[in-house]
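Colleague: Could you take me through one part of this model closely, namely the surroundings of the ligand? After that, a few other local details would be welcome.

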Amino acid sequence: MKKVCVMGLGYIGLPTAIIAAEYGFEVVGFDIDQHRVDRINSYDPVIQEPEIFEKLGYVLTNCQFKATATIEQADCFIIAVPTPFKEEKKADLSYVWKAAPLLAGMLKKGDVVILESTVPVGTTQQLADFLQSKTQLAVGQDLFVAHCPERVLPGKIFSELIENPRIIGGITPQSVNQAKKFYKQFVKSQLYLTNATTAEMVKLVENSSRDVEIAFANQVAAMAYSVGLNPFEVIELANKHPRVDILNPSCGVGGHCIAVDPWFLVETFPDQSKLLKSARLINDEKPFQVIAITRSWVNNLQKQNIARPKVLVLGLTYKPDIDDLRESPALLIAQKLSKYSDLELLICEPHLEHSKLQNIFDHVVSLQEGLEQADIILCLVKHSQFKAINTNNIEHKKILDFCGLLYKPNNRTINADELMFWPASSTLFSDSVILMDDVTSQKENFS
Ligand code: SAJ
């Protein structure tokens with residue numbers, strides 16, 4: 001296996017192509033978007049990811065790597081195209097089925113095809129059947145087809161490509177052994193071998209499990225808000241139990257994976273996936289709860305004669321410490337709030353250039369400017385830069401902390417006599433108890 005063709009130069013395909021080139025393969029990165037291809041060949045990495053600029057430069061200059069908009073023959077093809085969902089939450093496999101005929105036209109005896117895109121159970125078999133019928137190459141004998149789902153975390157893609165264990169599922173045992181040859185070149189961790197259908201299901205289960213866990217954290221938060229408790233303290237203390245490990249509540253679940261993949265299981269297993277569906281709905285509803293609570297506070301301040309309260313949004317990206325806006329709940333919240341003329345929205349997002357943000361929002365501010373000017377501070381993303389905020393300077397402002405940004409861990413030990421005098425450990429949410437009715441009445445405005 002000398003030459004590899006990676007189909008789809010996005011968040012997974014481009015880094016995979018770069019690593020493969022770094023580890024000695026001759027690599028062709030194929031993408032149907034000529035503009036994207038030109039940018040990559042001109043040392044512009046197209047996607048945001050730590051180290052990608054240097055690594056792309058390195059492989060373009062020192063290794064056998066190029067991007068192309070015309071597919072080429074190779075020994076191994078990696079399919080890394082997007083697999084989003086359609087309106088009705090069904091998998092949209094159109095990119096896979098656009099890639100398949102192009103691929104079929106290139107295949108020769110002995111080639112290996114690896115589908116890395118996340119797909120519903122059974123898709124790799126369909127792909128293998130399609131390729132066999134178009135090429136007359138017998139899968140498992142002349143052509144080797146496998147599924148090896150990507151598992152990397154945006155923000156850590158390059159280290160995780162090498163360090164994460166991988167699941168390789170073959171259409172036949174020969175297919176899995178051939179696919180393994182590609183990954184063993186650069187994966188330092190274990191390669192687990194199985195059949196393609198199991199590998200498909202494993203990937204979907206991984207992301208669904210995380211979605212359910214986040215939904216649980218968000219439900220705990222909703223319950224805590226409704227009685228004026230700090231959810232971050234409730235969870236922190238529950239996690240002191242040796243067998244409890246609750247995740248962090250947030251303003252919603254974003255990105256292209258966790259919010260999408262559970263629907264692939266729901267589509268295939270409608271009768272066995274009630275929990276997954278509920279979790280999806282809980283997490284999808286969260287941004288609207290955030291908007292409703294914020295609206296309540298805007299109304300409250302208006303009653304206190306602040307005619308047009310200034311609302312500072314801290315963070316827009318889909319999760320902390322990255323510059324990725326894909327399906328970001330924080331962005332959705334900010335965009336919905338920007339439609340209200342009775343508040344002034346201030347946006348602070350240190351991971352994105354001001355000029356880009358100014359195309360979307362009227363008032364983009366630095367952290368300091370925002371904290372000085374705001375009446376309401378909406379903590380949406382727990383960026384490291386925000387953790388340095390000194391809460392003493394903003395005590396008089398209304399802070400709505402939906403991601404635990406300003407929560408200080410509970411290190412106290414107190415004796416029972418003190419308990420009755422102990423004030424709420426954080427006042428950040430103590431007012432929400434009176435707000436939940438307003439929230440319910442306001443929610444219909446956003447659906
Ligand atoms: N989130 C919470 N609370 C948490 C953790 C995350 O609300 O405690 C939110 C984040 O803010 C974000 C969303 O969930 O909006 C997803 O973030 P994430 O860090 O959980 O995951 P992704 O989407 O960046 O990457 C996931 C990873 N999957 C798992 O951890 C099981 C990654 O390994 C996969 O490769 C990736 O999906 C993918 O491409 O499938």
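Modeller: What follows starts with the ligand and then turns to a sheet, a helix and a loop. The model is predicted.

The ligand lies between two domains, because domain 1 (3-189) and domain 2 (206-446) both give residues to the shell around it. That shell holds 20 residues, and those that come nearest are Glu150, Lys203, Arg210, Ser250 and Tyr318. Sorted by class, the shell comprises 9 nonpolar, 5 polar and 6 charged residues.

Several contacts to oxygen atoms of the ligand can be named. Lys203, already listed among the nearest residues, has a side-chain N or O atom 2.6 Å from an oxygen atom of the ligand. Lys319 also takes part through its side chain, with a polar atom 2.8 Å from a ligand oxygen. Val152 contributes through its backbone instead: a polar backbone atom of Val152 is 2.8 Å from an oxygen atom of the ligand. As for cover, the ligand has 760 Å² of accessible area on its own, and the protein covers 87% of this.

Next comes the sheet. Four strands form an open sheet in the order β10-β9-β11-β12, and their pairing is parallel. At its edges are β10 (344-348) and β12 (398-401), each of which pairs on one side only. On average, and with direction ignored, neighbouring strands in this sheet are turned by 20° against each other. Strand β11 (residues 376-379) runs parallel to β12 and is joined to it by 4 bridges. Within this pairing, Ile376 has Lys398 of β12 as its bridge partner.

The helix to look at is α2, which spans residues 34-41. Its N-terminal end is capped by Asp33, with a side-chain oxygen of Asp33 lying 3.0 Å from the backbone nitrogen of His35. Beyond the other end, Tyr43 sits just after α2 and takes a positive phi of about 70°.

Last is the loop between β3 (65-68) and β4 (76-79), where Glu72 is found. The side chain of Glu72 makes polar contacts with two lysine side chains: one is Lys66, at 2.6 Å, and another is Lys3, at 2.8 Å.

To return to your main request, the ligand is placed between domain 1 and domain 2, with polar atoms of Lys203, Lys319 and Val152 facing its oxygen atoms at the distances given above.

How values were computed: Residues numbered from 1 in each chain as written. Predicted model: local features only at pLDDT ≥ 70, side-chain atom pairs only at ≥ 80, totals over all residues. Heavy atoms only, no water. Near = heavy atom within 4 Å. Polar contact = N/O pair within 3.5 Å; in protein donor to acceptor, adjacent residues only side chain to side chain. Areas by Shrake-Rupley, 256 points an atom, 1.4 Å probe, with all protein chains shown as cover. Nonpolar A, V, L, I, M, F, W, Y, C, P; charged D, E, K, R; others polar. Domains from an automatic or database assignment. Helix = DSSP H or I, 4+ residues; strand = E, 2+ residues; numbered from the N terminus. Pairing = 2+ DSSP bridges. Axes fitted to C-alpha atoms, helices over the stretch in contact; angles between N-to-C directions.
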